[in-house]
Amino acid sequence: MPSTGSTVLITIHTTVKDGKRKEVHKMEASGRLFQRGHILVLRFTEPREEGQERTTDQTIKLSDGQMLVQRKGAITMNQRFIPGTETEGTYHSLYGPLAMRTSTSEVTYDWDEIAGEGDIHLRYGLVMQGASTGSYHMHVEIKEV
């Protein structure tokens, strides 16, 4: 992979379960994928949600079975996901900062350089401002274009 990275199509499927409630969200974006040794970095701009004036840039860094998500723009967030560990972060939106706590159960990723495709799986529980918002499964599909 060149040092400038590869252009990729990113599809993110997020399933949220909270008791009997289940929501499924899908987001598509184009971005850049960089691989530096054992570190995989994915950068893209999230599609604007209805009513949003600003965009949000997202960077996902994967290494050593851990994942770091950084979002900047309409939403600002830094959160580290480490399997078997509870981590804290802050989510900033138009409504102000919210304290986040995640309990990560799974971070896996695979990149097939020959096929030019791969995926990421992330499973975690989320507590915002002291209240559980449910369990999350994020599946990210990545394909070179």
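**Notes on the aromatic cluster and a charged patch**

1. Let's start inside: at 4% relative accessibility, Phe81 counts as buried (under 20% relative accessible area, 1.4 Å probe, protein chains only). Keep in mind that this is a predicted model, where local features need pLDDT of at least 70 and side-chain atom pairs count only at pLDDT 80 or more. Residues are numbered from 1 along each chain, and side-chain values use heavy atoms.

2. How many aromatic pairs turn up in the whole structure? There are two, with rings of Phe, Tyr and Trp pairing if their centres lie within 6.5 Å. Phe81 and Tyr124 make a tilted pair, because their planes sit at 50° (neither under 30 degrees, stacked, nor over 60, edge-to-face), with centres 4.9 Å apart.

3. Phe81 is in strand β6 (residues 76-81) and Tyr124 in strand β9 (residues 117-128), so this pair ties together parts 43 residues apart in sequence. Strands here are DSSP runs of E, at least two residues, numbered from the N terminus.

4. Tyr124 is buried too, with a relative accessible area of 13%. Tyr124 also stacks with Tyr136, at 5.0 Å centre to centre and 5° between the planes. Tyr136 belongs to strand β10 (residues 131-144), twelve residues from Tyr124. Ring pairs thus join Phe81, Tyr124 and Tyr136 into a cluster.

5. Now the outside: Lys72, in strand β5 (residues 66-73), counts as exposed (over 50%) at 55% relative accessibility. Arg36, Arg43, Lys61, Lys72 and Arg80 form a positive surface patch; patch residues have over 30% relative accessible area and no salt bridge (side-chain nitrogen of Lys or Arg within 4 Å of a carboxyl oxygen of Asp or Glu), with like charges joined within 9 Å.

Terms used. Patches are made of residues with over 30% relative accessible area and no salt bridge: like charges are joined within 9 Å, nonpolar side chains (Val, Leu, Ile, Met, Phe, Trp, Tyr) within 5 Å. Accessible areas come from the Shrake-Rupley method with a 1.4 Å probe; for residues, only the protein chains shown count as cover. Lys and Arg count as positive and Asp and Glu as negative; His and the chain ends are not counted. The place of a charge is taken as NZ of Lys, CZ of Arg, CG of Asp or CD of Glu. Helices (H or I, at least four residues) and strands (E, at least two) are DSSP runs, numbered from the N terminus. Rings of Phe, Tyr and Trp (its six-membered ring) pair if their centres lie within 6.5 Å; planes under 30 degrees apart count as stacked, over 60 as edge-to-face and the rest as tilted.
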